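Hi everyone, thanks for making time this morning. I'd like to walk you through one structure, so let me put it on the screen.

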Amino acid sequence: MIKKPNIAIISLTCCEGCQVAILDLGERLLKLTEKVKIGDFAMLEDYPEPENFDIVFVEGTPITSENIRRVKNLRQRTKYLITIGACACLGGIAELKNYQDKDQRLRYVYKNVEGIDNPDIKPVKHYVKVDLEIPGCPINKEEFLDVAKKLVAGVFPKIPQRPVCYECQLKRNECLLQKGQPCLGPVILGGCGAPCPSSNYPCDGCRGPLKGAAINNFNNKLKEIYGFSQREIDLIMQRFGMLNDMYPEPPAIKGNLKVNKLID
Ligand code: SF4
Ligand code: SF4
Ligand code: SF4
């Protein structure tokens, strides 16, 4: 067990919804905070930062140069750096820009674009070594608590590699894919408890790809059996910044992405 580890929960560019999910743990979070020293958790309180941390949880996408500097600096000061949420793990919603004409996107938002940085969007692991990823949009607070408790107890946790379908079928849901809806559950990492298919909404893949999933086969099945176009499949996979994680090489950044071959 790490004796009263120094932990931080840090936000880069994002909606901070993953921090809200953590706060939603309520009394169980307070119980956990008795066993740790909090070095930074802006949404809870403004703490004076210690020199070094044991565990840093990072939410959000490193978009600004300040974000990138911050995450690189934290990496040097912590034993474990753990990304939380689709923004930090995959690039998240902001990565939609990578799949479109990013200069045009900028003009939609700002009248005067001169002097405004418009970088390509990349997840945290592009900039620094990441020890563990807790994906999702937002994260599953129960999974976060489980990971945090294990780390505090000195056990390095693992995220079980099971598809969303595993939890969906435990809940005895009617399969949306079999009803002809584009549910990505078979190739997406489970652990969320399958809230979307349980609410009759197909899984959009906010937890990213399941390791070793036969993505190419699944992609072909969506087209051959269910009649979806490649463009429709790509648009779903773009939502949480997952599309480029399906490729051996990052996709072309400029213009609308044309998908030819997905990896297995
Ligand atoms: S992963 Fe989703 S909930 Fe979490 S910070 Fe990003 S947009 Fe917000
Ligand atoms: S609804 Fe989706 S997640 Fe559930 S079993 Fe069918 S394909 Fe899998
Ligand atoms: S079912 Fe899919 S989209 Fe919904 S929370 Fe789970 S991984 Fe994310």
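**Two ligands, two domains**

Let's begin at ligand 1, where helix H1 (17–23) and H4 each supply at least two residues of the surrounding shell. One thing to keep in mind as we go: this is a predicted model. Of those two helices, H4 deserves your attention, since H4 gives the most to the shell around ligand 1, with three residues. In total, 14 residues surround ligand 1, and the closest are Cys14, Gly17, Gly85, Cys87 and Cys137. What does that shell look like by class? Around ligand 1 we have eight nonpolar, four polar and two charged residues.

Now over to ligand 2. Here, too, the shell holds 14 residues, with Cys165, Cys168, Cys175, Cys183 and Gly185 coming nearest. Which helix provides the largest share of the shell around ligand 2? That would be helix H7 (residues 164–170), with four residues. By class, the shell around ligand 2 has eleven nonpolar residues, three polar ones and no charged ones.

Let's step back to the whole chain. The domain assignment gives domain 1 as 6–152 and domain 2 as 164–246. Their C-alpha centres lie 25 Å apart. As for where the two touch, the contact takes 15 residues from domain 1 and 13 residues from domain 2. And here's our friend H4 again: helix H4 (residues 85–90) gives the most to the side of domain 1 that touches domain 2, with three residues. That side of domain 1 divides into nine nonpolar, four polar and two charged residues.

So do keep H4 in view as you rotate the model: H4 is the top contributor to the ligand 1 shell and also to domain 1's side of the domain contact. Thanks, everyone!

Note on methods
Residues are numbered from 1 along each chain as its sequence is written. Chains are lettered from A and ligands numbered from 1 in the order in which they are written. This is a predicted model: local features need pLDDT of at least 70, side-chain atom pairs count only at pLDDT 80 or more; totals for chains, interfaces and linings use all residues. A residue is near a molecule or strand if its C-beta atom, placed from the backbone, lies within 6 Å of it. Ala, Val, Leu, Ile, Met, Phe, Trp, Tyr, Cys and Pro count as nonpolar, Asp, Glu, Lys and Arg as charged, and the others, Gly among them, as polar. Domain bounds come from an automatic or database domain assignment. Two residues are in contact if their C-beta atoms, placed from the backbone, lie within 7 Å.
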